[in-house]
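Trainee: I would like to test each label against its cut-off. Please show me the model.
Mentor: Here it is.

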Amino acid sequence: MPAAERLGSHLKRAEQALNATKHAVLKPVGLTVPQYAALLFLSERPGISAAGLARACRVTPPTMNTVLKKLQERGLIERTPHEWHKNVLEIRLTEEGKAVMADADARAIRVERALAEEFTEEERASIIALLGRCVDLLESVRPAQTETSRSI
């Protein structure tokens, strides 16, 4: 099957274009796209654990710990022991983190709005539905981690 006919190639190209554009608009704020994603989820779920944040951002826990270390070094987040589960650290934005997040989010929203404005409301709904179908199908045919090969 030629690359031009592979939906995965087109999905990847769109994802790369979106990430590159967000990277460019976030650079002046000093954030990477993964750092911005972490701040975004933290702004919506203050007190989430590193493991929960890794799941929300769809990265591995070691990757999230690297992201969090950089954010903590910049003073954008703080980690404190959970009230009942002392071995779980809750993560919250600092005041500086909230300010950086507000600036970064305004920049990212401009990208998202520009993308959304390229399509009609009906087209946006169709894209969302079609992408959802892609996710559903791909998750249904993904081999289990213990399997080494599987026929689709």
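**Labels and cut-offs**

Mentor: Lysine 69 and glutamate 73 are both exposed. Exposed means over 50% relative accessible area, buried under 20%, and partly exposed in between, with a 1.4 Å probe and protein chains only. This is a predicted model, where local features need pLDDT of at least 70 and side-chain atom pairs count only at pLDDT 80 or more, while totals for chains, interfaces and linings use all residues. Residues are numbered from 1 along each chain as its sequence is written, and side-chain values use heavy atoms, with hydrogens and water left out.

Trainee: What makes lysine 69 and glutamate 73 a salt bridge?
Mentor: The rule asks for a side-chain nitrogen of Lys or Arg within 4 Å of a carboxyl oxygen of Asp or Glu. For lysine 69 and glutamate 73 the closest N and O atoms are 3.7 Å apart, so the pair qualifies under the definition. The two residues are four apart in helix 4 (residues 61-73), which means about one helical turn between them.

Trainee: How many salt bridges does the rule give?
Mentor: Six. Another one joins glutamate 15 to lysine 12, with the closest N and O atoms at 3.6 Å. These residues are three apart in helix 1, so about one helical turn separates them.

Trainee: Why is glutamate 15 called partly exposed?
Mentor: Its relative accessibility is 41%, so glutamate 15 falls between the two cut-offs. Lysine 12, at 43%, is partly exposed too.

Trainee: Which residue forms a salt bridge with lysine 22?
Mentor: Glutamate 112 does, with the closest N and O atoms 2.6 Å apart. Glutamate 112 lies in helix 5 (residues 95-117) and lysine 22 in helix 1, so the pair ties together parts 90 residues apart in sequence.

Trainee: Is lysine 22 buried or exposed, and how do you know?
Mentor: Buried: its relative accessible area is 12%, so lysine 22 is under the 20% limit. Glutamate 112 has 34% and therefore counts as partly exposed.

Trainee: What makes helix 1 a helix here?
Mentor: Helices are DSSP runs of H or I with at least four residues; strands are runs of E with at least two; both are numbered from the N terminus. The protein has six helices and two strands. Their order from the N terminus is α-α-α-α-β-β-α-α.

Trainee: Why is threonine 94 called buried?
Mentor: Its relative accessible area is 16%, so threonine 94 meets the buried cut-off. Threonine 94 sits in the loop between strand 2 (89-93) and helix 5. Neighbours within four places in sequence aside, threonine 94 is in contact (heavy atoms within 4.5 Å) with Gly75, Leu76, Ile77 and Glu78.

Trainee: Which residues make the nonpolar surface patch?
Mentor: Leu7, Leu11, Ile127 and Leu131, over about 340 Å². Helix 1 (7-26) and helix 6 (121-141) each give two or more residues to the patch. Patch residues need over 30% relative accessible area and no salt bridge; nonpolar side chains (Val, Leu, Ile, Met, Phe, Trp, Tyr) are joined within 5 Å, like charges within 9 Å. Areas come from the Shrake-Rupley method with a 1.4 Å probe; for residues, only the protein chains shown count as cover.

Trainee: Why is isoleucine 127 called partly exposed?
Mentor: Isoleucine 127, in helix 6, has 31% relative accessibility and so counts as partly exposed. That value is also over the 30% patch limit.
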